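The paragraphs below lead through one structure, from a single pair of residues outward to the sheet, the core and the ligands. Keep the sequence and the model side by side while reading.

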Amino acid sequence: MSEIGVLIPAAGRGSRMEKNINKQFLNLLGKPILYYTIKSFLDWRNDFEINIVLSPSEFKYFEDKLKPLFSCSENRFNLIAGGNSRQESVYNGLKNFSEEVKYVIIHDGARPLVSNDLIESCYQAAREHDAASCGVRVKDTIKIVKDSFSKETLDRDSLRAIQTPQAFKLDLIKRAHQVYKKDKALDDASLVEKLGERVYIVSGDYNNFKITTPEDLKPAEMILKERI
Ligand SMILES: Nc1ccn([C@@H]2O[C@H](COP(=O)(O)OP(=O)(O)OP(=O)(O)O)[C@@H](O)[C@H]2O)c(=O)n1
Ligand SMILES: C[C@](O)(CO)[C@H](O)COP(=O)(O)O
């Protein structure tokens, strides 16, 4: 294959979406959210290993409903069992790449609007700096609030809202996950930061938002419509 691994954590419950199915199986313009996420990578290039992390109870749904939407070989996708947290799910995915893989790109299943350019920028940044994430400048003023009163206003110029893709040398991100297995990290880059290693921040994309709550669905459909 190639030295690139793509890891898509998609084993969450989507509790903030308040629907009774995994939010990544909800449809946008008639196709599941996870379809668009995977398709974005296949449109970028097709010579990578891909580990898709799902709850084992969803493997059959993936095989029956999602796989047929791609014209790929039978074994194109490796399905990996997820864990109780995003961190555990990613770690399970990291442990299941072949020895050929040197760089891994980790991308939330719930971010279906990622562009080819952003994937490429993160991958190239990881090749140059070993660890990379993307992030967008914060548009609002951010304050620390305690007991309903403002305590401090943060310097907006140094703030970024962090997204995925995040891309790493595989041995580095695996080590970070091993060492900080018991921590509760919100993203993978923060585990690399804890090791004392630098993470390069690529300029992200406001359209690459995570589908988290019901009001995210309509804007996502609008963006997809514009792209067709
Ligand atoms: N145990 C988990 C939890 C999350 N994820 C994945 O990590 C990504 C980012 O997480 P988030 O959007 O927070 O998803 P959920 O945890 O499903 O959402 P919620 O917090 O609302 O339950 C999602 O693609 C989600 O499926 C995962 O693979 N395994
Ligand atoms: C990894 C991530 O998408 C970066 O923004 C985010 O931290 C996932 O966090 P969540 O708590 O699972 O929404």
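Val6 has Ile105 as its bridge partner in β6. The model in which this pairing is found is a predicted one. A second pair of the two strands places Ile4 opposite Tyr103 in β6. Strand β1, residues 4-9, and strand β6, residues 103-106, run in the parallel sense and are joined over four bridges.

β1 also pairs with β4, again in the parallel sense, over five bridges. Here Leu7 stands opposite Asn51 in β4.

How do the residues of β1 point? Ile4, Val6 and Ile8 point one way from the strand, whereas Gly5, Leu7 and Pro9 point the other way. This is the pattern of a regular strand, where side chains alternate between the two faces of the sheet. In β1 the residues pointing either way are all buried. Because six of the six residues of β1 are buried, the strand is largely enclosed by the rest of the structure.

The wider setting of these pairings is an open sheet of seven strands, with mixed pairing and the order β5-β4-β1-β6-β10-β7-β11. Its edges are β5 (78-81) and β11 (200-203), each of which pairs on one side only. On average, neighbouring strands of the sheet are turned by 25° against each other, direction ignored.

Next comes helix α3, residues 86-94, which is mostly covered, with seven of its nine residues buried. These are Arg86, Gln87, Ser89, Val90, Tyr91, Gly93 and Leu94. What do they pack against? The partners are the strands β1, β4 (49-54), β5 and β6, together with α5 (170-179).

Tyr91 lies in helix α3. Why does Tyr91 count as buried? Tyr91 has 23 other C-beta atoms within 10 Å, and a residue is buried if 20 or more lie within that distance. Leaving aside residues up to four places away in sequence, Tyr91 touches His177 and Lys181. Tyr91 and Lys174 are 83 residues apart in sequence, yet their C-alpha atoms are 7.3 Å apart in space.

The largest nonpolar core holds 55 residues, and the members that touch the most others are Val104, Ile105, Cys122, Ala126 and Ala167. Helix α1 (residues 33-44) supplies the largest share of this core, seven residues. Ile105, one of the members with the most contacts, is also the residue that bridges to Val6. Another of them is Ala126. Beyond residues up to four places away in sequence, Ala126 touches Tyr103, Ala131, Ala132, Ala167, Phe168 and Lys169. Among these contacts, Tyr103 is the residue of β6 opposite Ile4.

Two ligands remain to be placed. Around ligand 1 there are 21 residues, the closest being Pro9, Gly12, Ser15, Arg16 and Ser89. Pro9 belongs to β1, where it is buried, and Ser89 is one of the buried residues of α3. By class, the shell around ligand 1 divides into five nonpolar, eleven polar and five charged residues.

Which residues surround ligand 2? They are Arg86, Asp108, Ile162, Gln163, Thr164, Leu186, Asp187 and Lys210. Strand β10 (residues 160-169) contributes three residues, the largest share of this shell. Four residues of the shell around ligand 2 are charged, two are polar and two are nonpolar. Arg86, one of the residues around ligand 2, is also among the buried residues of α3.

Terms used:
Residues numbered from 1 in each chain as written. Chains lettered and ligands numbered in written order. Predicted model: local features only at pLDDT ≥ 70, side-chain atom pairs only at ≥ 80, totals over all residues. Core = buried A, V, L, I, M, F, W, Y, C linked by C-beta atoms within 7 Å. Buried ≥ 20, exposed ≤ 12 C-beta atoms within 10 Å, placed from the backbone. Contact = placed C-beta atoms within 7 Å. Pairing = 2+ DSSP bridges. Axes fitted to C-alpha atoms, helices over the stretch in contact; angles between N-to-C directions. Near = placed C-beta within 6 Å. Nonpolar A, V, L, I, M, F, W, Y, C, P; charged D, E, K, R; others polar.
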